[in-house]
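Colleague: Before we discuss this model, could you put it up, so that we can go through a few local details together?

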Amino acid sequence: MSERTQDLAAGHRPRGVVIVGAGMAGVQTAVALREQGFTGPVTLIGAEPHQPYDRPPLSKAVLLGKAEDSAFDVDFEALDITLRLGLDVTGLRAAAHELDTPEGPVAYDSLVLATGAEPVALPGSEGVPGVHLLRTLDDAARLRPVLERQHDVVVVGAGWIGAEFATAARAAGCAVTVVEAAGRPLAGTMPAEVAAPMAGWYAESGAELLTGARVARVEQGAVHLADGRMIPAGAVVVGIGARPATAWLAGSGIALGPDGSVTADSSLRTSLPDVHAVGDCASFPSARYGERLSVHHWDNALQGPRTVAAALADGVARTYDPVPYFWSEQFGRFVQYAGHHAGADTLLWRGDPADPSWTVCWLRSGVLVAVLAVSRPRDLAQGRKLVEAGARIDAARAADSSVPLKSTALRGW
């Protein structure tokens, strides 16, 4: 007889966990609860009707028609996880421990917010035919015919998602123009000297990159820039950022930050009792970096749920303070990043940025705090461990790309 069956037989109702959001963070929370031995009811609510799926393949294999979907390989029935898909959650009433949905209230004992982020729309483009976002499986399904028909494509935004889509579109044979309002790609995430060599990747792939180019308006078949230029566009793909999907929490008592993220504590607990938050929708204080972090990447949606699930399983809160990590496949390169470089006082190169592979390291008072590796996975793996350990390194040796990064740690640091 299982522990849960014993509880029911004894007349005890196990505490139930409801998870809002069926993306990576939500699914991993549900799975981790069972892995941690949690025996109470687990309900996973997703707004989309599709079987829960992973998002990174949407801009790669799914978009290019190499895979129909990217559903998680999880047997929810075997894990006794109740799925409620195609269900919008519209409000949270903490005093009643209930969620509002079009199908009626859903009660919870413990609640995990895992609603992720939603893409920022280009002002004035809503409802214009041929304008696309790329966040969901349905978005990828609408964009796949665009690539199959080899339309001329304009991508608005030269961030990570813009670069990945431009890569896929070029692979499909589309003519691609990328329009970026800032003076360089990745302006919001990378320093100018690091982003500069990446600008050349676009031309190398056959895509045209226009920087310092603001969009004045979009109409069917064309993008008009503020300087008067007009770019023909069989399709327009907007990739100008994402914001936490938390508007539905207005008036709930959940504290939100200026960016709309749920301001969780160091154990991912929210301002309301019995409510945690994980993944893209949450921010958390990092003692490692001395600031609050909001990490919109896959690894955060994988690691945070384990912390929350462990706490829900045994009632003991754990501190969540990871080294952020992400990767991107673009223009024939595998780009990986670990750490957080804000506050660094030294930037050093390993290799020539004109070469196909190179690495950048950031130091703060001699301590390695972040690593960006372009097609150098060994540097990333070794650098990530050094960042996690808070290692002080020999900058001169680290700048020599022939020296293994793990060998640059100073003795006795």
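Modeller: To fix terms, two strands pair if DSSP finds at least two bridges between them, and strands (E, at least two residues) are DSSP runs numbered from the N terminus. This is a predicted model, in which local features need pLDDT of at least 70, side-chain atom pairs count only at pLDDT 80 or more, and totals for chains, interfaces and linings use all residues. Residues are numbered from 1 along each chain as its sequence is written, and side-chain values use heavy atoms, with hydrogens and water left out.

Colleague: Which are the edge strands of the open sheet of three strands?

Modeller: The pairing in this sheet is mixed, and the order is S18-S20-S21. Strand S20 (residues 282-286) runs antiparallel to S21 and is joined to it by three bridges, with Phe-284 opposite Leu-293. The strands that pair on one side only are S18 (262-263) and S21 (291-293).

Colleague: Is Ala-264 buried or exposed?

Modeller: Ala-264 sits in the loop between S18 and strand S19 (275-277). Leaving aside residues up to four places away in sequence, its contacts (heavy atoms within 4.5 Å) include Ser-283 and Phe-284. Since buried means under 20% relative accessible area, and exposed over 50%, with partly exposed in between (1.4 Å probe, protein chains only), Ala-264 at 0% is buried.

Colleague: How far from a polar atom of the Thr-101 side chain does the backbone oxygen of Gly-104 lie?

Modeller: Thr-101 belongs to the loop between strand S5 (98-100) and strand S6 (106-107), and is buried, with a relative accessible area of 10%. The separation from the Gly-104 backbone oxygen is 2.6 Å.

Methods. Helices (H or I, at least four residues) and strands (E, at least two) are DSSP runs, numbered from the N terminus. A polar contact is a pair of N or O atoms within 3.5 Å; within protein, one must be able to donate a hydrogen and the other to accept it, and residues adjacent in sequence count only if both atoms are side-chain atoms.
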